[in-house]
Amino acid sequence: MISESKRVDTIAMFQHDDPINLASADTKQEVHTVGQRKLAKAKSEKPDEHFLTDNRVQYLKDQLIRGRLYLSLSGTRSNSLFIKELGARMNKIQKALGDATKDDDLPKNAYDKMKAMDQTLAKGKQIQDDCTAVVRKLRALIHTTEEQLRVHQKQALFLTQLTAKTVSKGLHCLPLCLSTEYYSLNFSAQQFPNQENIDDPNLFHYALFSDNVLATAVVVNSTVTNANDPSKHVFHIVTDKLNYAAMRMWFLVNPPGVATIQVQNIDEFTWLNASYSPVLKQLASQDTIDSHMKFQNPKYLSVLNRLRFYLPEVFPKLRKVVFLDDDIVVQKDLSGLWSIDLKGKVNGAVEMCENFHRFDRYLNFSNPVIAKNFDPHACGWAYGMNVFDLEEWKKQNVTEVYHSWQNLKQDRQLWKLGTLPAGLITFWKRVYPLDKSWHVLGLGYNPSVRQKEIENAAVVHYSGNLKPWLEIGIPRFRGYWNKYVDYDQAYLRDCNMSP
């Protein structure tokens, strides 16, 4: 016969949806935590008054969990008088709980109901002495709960991914309004100043490839705002033909001070075609489209997303460029990145050495080609803020390395979808680790990123699905992004966009 304290611990380790809606259980983790508490009741059926003073709400929930167990066990279920009494007690406990989240919210008679419930539960203990049945029932309940949890997790993941791909009315409205205005300008009014800086290798050059006007605006605005000398910063923006006019119009009406802007249309890169790039040839095949659409994410088919593997072709006259994703915010001057000696490496990046960021999470090591060439325990690194030495890139023929692996990948699953796994392979042993304070990730999926890390970071990255411009963005991180959006700007007001 197991002791009452052990049984309470065991009972509290499961979560079960009540079929008769007497109460809903907390999450498994909360229930497990409850189970670890030592309820001082082994010798007395009276609850510990000091415990109740601090934790009455949680104790009431514990009682409901134990009550639901007795409702489901054969020994107690066959005792109609006990079941009737227990049901009445549980209803009273549920009414006492109501919407209470702390002890002060409970009614004055909650303690009396608690004591009465303890007496009823003690009767249940005396009636039900079949430990084997208890264990069997608990196992069944745990299994059912875990299955329900898996279903809910899949549903939550699907809905999050679906929301991440949707475009809000405001973000849809903005490029339409900007494009209309752009085409009403004469040719001279459509030109940017300072175009003599575009190919000056002595300036600080940024590569930014995006079809999101507002996100791009935040990247540029935050970089310029925190720059020591904005006149030395040059932004090379490449977008698609649908957003080209809108992107140009935004920076014509919102120029970045004395910094230089260039906006290009990727469709005008005639050199980037299927005969040159194997990945473009693969993207054009129906098999690839069908395979990638299984994941319901069109970004995997985006040519714009692959342009990062062709930086020397995009910037043939530059020696070094900093690549920025459009879901980052710059918080400090970045000019120091150009003075970092990459020691013969091509890519300066912040490494990620947590278990879930190592190579074996991205590459298929069951394939002998991958197993032979890479270390499954090697640290990954982050895209989003990278320094690329374009001279070393050309010297080491990195684009051809990328092409050779893409040719090998055809008809074989060598790595996961996305640009990072392909980047890990292409830049293998060509990455120089930057100090972690240059680039802090996770603001788009991890609500536990520490405040100190964020404040010390030169760049914060909303990696993940919870982007700051979406309603599903993590509220505590949204302010870092909103800081660089002028919601009083005419186009944003016209499109009803607000924080």
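The protein has 21 helices and 12 strands. The model is a predicted one. Of its 499 residues, 50% count as buried. Contacts reach far along the chain: among those with a separation of 6 or more, 75% join residues 24 or more positions apart.

Start with the sheet. Seven strands form an open sheet with mixed pairing. Their order is β3-β2-β1-β4-β9-β6-β10. The edges are held by β3 and β10 (431–433). Each of these has a single partner strand, so one side of each is left without a neighbour in the sheet. On average, neighbouring strands are turned by 25° against each other, direction ignored.

Follow the sheet to its β10 edge. There β10 pairs with strand β6 (residues 347–349). The pairing is parallel and runs over three bridges. One residue pair can be named: Asn347 has Val431 in β10 as its bridge partner.

Now turn to the helices that lie across the sheet. Helix α9 lies across β1 (204–209), β2, β3 and β4 (320–324). Its direction is about 175° to that of β2. Helix α10 lies across β2 and β3. It runs at about 170° to β3.

Look closer at α10, which spans residues 244–253. Eight of its 10 residues are buried, so the helix is largely enclosed by the rest of the structure. The buried residues are Tyr244, Ala245, Ala246, Met247, Arg248, Met249, Trp250 and Phe251. What covers them? The cover includes three helices, α8 (169–182), α9 (213–225) and α21 (490–494), along with the strands β2 (233–239) and β3 (260–265).

Take α8 from that cover. The axes of α8 and α10 come within 8 Å and cross at roughly 80°. The two helices are therefore roughly perpendicular to each other. From α8, the contact draws on Leu174, Pro175, Leu178, Ser179, Glu181 and Tyr182. From α10, it draws on Ala245, Ala246, Arg248, Met249, Trp250 and Leu252. By class, this contact has nine nonpolar, one polar and two charged residues.

Next, take α9. Thr216 is found in this helix. Is Thr216 buried or exposed? Its relative accessibility is 0%, so Thr216 counts as buried. Beyond its neighbours within four places in sequence, Thr216 is in contact with Leu208, Ser210, Ile237, Met247, Phe251 and Asp326. Two of these partners, Met247 and Phe251, are among the buried residues of α10. Thr216 in this way touches the enclosed helix directly.

A second helix pair offers another geometry. Helix α5 (residues 80–97) and helix α6 (residues 110–127) have axes that come within 10 Å. The axes cross at roughly 150°. That angle makes α5 roughly antiparallel to α6. The crossing of α5 past α6 is left-handed.

Which residues of α5 and α6 meet? On the α5 side they are Phe82, Glu85, Leu86, Arg89, Met90, Lys92, Ile93 and Ala96. On the α6 side they are Lys113, Met114, Ala116, Met117, Thr120, Leu121, Lys123, Gly124 and Ile127. By class, the contact of α5 with α6 has 10 nonpolar, two polar and five charged residues.

Conventions. Residues are numbered from 1 along each chain as its sequence is written. This is a predicted model: local features need pLDDT of at least 70, side-chain atom pairs count only at pLDDT 80 or more; totals for chains, interfaces and linings use all residues. Side-chain values use heavy atoms; hydrogens and water are left out. Buried means under 20% relative accessible area, exposed over 50%, partly exposed in between (1.4 Å probe, protein chains only). Helices (H or I, at least four residues) and strands (E, at least two) are DSSP runs, numbered from the N terminus. Contact means heavy atoms within 4.5 Å. Axes are lines fitted to C-alpha atoms, for helices over the stretch in contact, and angles run from 0 to 180 degrees between N-to-C directions. Angles under 35 degrees count as roughly parallel, over 145 as roughly antiparallel, 65 to 115 as roughly perpendicular and the rest as oblique. A crossing is left-handed if the near helix is turned anticlockwise from the far one by less than a right angle, and right-handed if clockwise. Ala, Val, Leu, Ile, Met, Phe, Trp, Tyr, Cys and Pro count as nonpolar, Asp, Glu, Lys and Arg as charged, and the others, Gly among them, as polar. Two strands pair if DSSP finds at least two bridges between them.
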